[in-house]
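Open the model in your viewer and keep the sequence panel beside it. The tour goes from one selection to the next.

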Amino acid sequence: KGNVTTPGLEGGTRTFCGTPEYLAPEMLENKGHGKAVDWWALGTLVYEMLVGLPPFFDNNTQRMYHKILHDTLRFPKNEHRKVSEVAKNFLRGLLQRKIADRTGSTHGAQDLKESPFFDQLDFSRVYTKSYKAVFQPPMMRSSSDVRNFDLEFTRESAVDSMVVSEMSATLQEKTRFEGFTYEGPDRATTLAS
């Protein structure tokens, strides 16, 4: 077959990591992935910003993974969450399962800039940060000021997330980072004494 490269897979990896709702199909299939997963994640983020939930969301992670791999991309019919045709086409491009067809996989950000979704945007003004934000969150009053967070999260009880199970030797090997030299604060304090 020769040296064929898949767009968006250059310098790729097989690491399985990320927020479940944002994982691209190629990550779930463990086929290896590259930059194209970021375009998928952007599509998921924009969809969530417009609709309120990620496109293939399910409370059951396994069902959600199945939806990411197989379900049709749907948009709400509700008038309050209606998505414009321009936005739908933009999202359909970013949420293509086939990497070569995914917006961004061929010419990177240039593919997105040419989308009608951004017709009203002057990218030179974006780069110079000369647009005024439509919404500016209030300044924090103190380091414990949480008024910019949804009450759903600030009312949750703190739960210890300590792992209680043991990792297999294979999993332990996968957690090793070559050349990683971090030493915790206790060790640093001991060395400084």
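The stops below start with the whole chain, then move to a helix pair and a few single residues.

**Stop 1: the whole chain**

Keep in mind that this is a predicted model. Show the chain as a cartoon. You will find nine helices and zero strands. Read along the sequence, the pattern is α-α-α-α-α-α-α-α-α. Now colour by accessibility: of the 193 residues, 23% count as buried. Contacts also link distant parts of the sequence. Among those between residues at least 6 apart, 50% join residues at least 24 apart.

**Stop 2: H2 against H4**

Select residues 36-51, which are helix H2, and residues 85-94, which are helix H4. How are two packed helices described? By the angle between their axes and the distance between the axes. Here the angle is about 150 degrees, and the axes lie 8 Å apart. Angles over 145 degrees count as roughly antiparallel, and H2 and H4 are therefore roughly antiparallel to each other. Their crossing is left-handed.

Next, show side chains at the contact. Which residues of H2 meet H4? Pick Trp39, Trp40, Leu42, Gly43, Val46, Tyr47 and Leu50 on the H2 side. On the H4 side, pick Ala87, Phe90, Leu91 and Leu94. By class, this contact has 10 nonpolar residues, one polar and no charged ones.

**Stop 3: the buried residues of H4**

Stay on H4 and hide the rest. Select Ala87, Lys88, Phe90, Leu91, Gly93 and Leu94: these are buried. What covers them? Bring back H2 and helix H5 (109-113), which are included in the cover.

**Stop 4: aspartate 58**

Move to the loop between H2 and helix H3 (61-70), where aspartate 58 sits. Is aspartate 58 buried or exposed? Its relative accessibility is 12%, so aspartate 58 counts as buried, the cut-off being under 20%. Draw a distance from its side chain to the backbone nitrogen of asparagine 60, and the viewer should read 2.9 Å. Then look further along the sequence. Leaving aside neighbours within four places, aspartate 58 is in contact with Arg63, Met64 and Lys67.

**Stop 5: asparagine 30 and lysine 129**

Now for two backbone angles. Most residues other than glycine have a negative phi. Select asparagine 30, in the loop between helix H1 (25-28) and H2. Its phi is near 55 degrees, a positive value in a residue other than glycine. Asparagine 30 counts as partly exposed, because its relative accessibility is 46%.

Jump to lysine 129, in the loop between H6 and helix H7 (151-154). What is phi here? For lysine 129 it is near 55 degrees, again positive in a residue other than glycine. Lysine 129 is exposed, with a relative accessible area of 73%.

**Stop 6: valine 126**

Step back to helix H6 (residues 123-127) and select valine 126. At 35% relative accessibility, valine 126 counts as partly exposed. Which residues does valine 126 touch, not counting those up to four places away in sequence? Show Leu121 and Tyr131 to see those contacts.

**Before you close the session**

Save a view of H2 and H4 with their roughly antiparallel packing. Save another of aspartate 58 with its side chain reaching asparagine 60.

Conventions. Residues numbered from 1 in each chain as written. Predicted model: local features only at pLDDT ≥ 70, side-chain atom pairs only at ≥ 80, totals over all residues. Heavy atoms only, no water. Axes fitted to C-alpha atoms, helices over the stretch in contact; angles between N-to-C directions. Helix = DSSP H or I, 4+ residues; strand = E, 2+ residues; numbered from the N terminus. Parallel < 35°, antiparallel > 145°, perpendicular 65-115°, else oblique. Left-handed = near helix turned anticlockwise from the far one by under 90°. Contact = heavy atoms within 4.5 Å. Nonpolar A, V, L, I, M, F, W, Y, C, P; charged D, E, K, R; others polar. Buried < 20%, exposed > 50% of the residue type's maximum accessible area, 1.4 Å probe, protein only. Polar contact = N/O pair within 3.5 Å; in protein donor to acceptor, adjacent residues only side chain to side chain.
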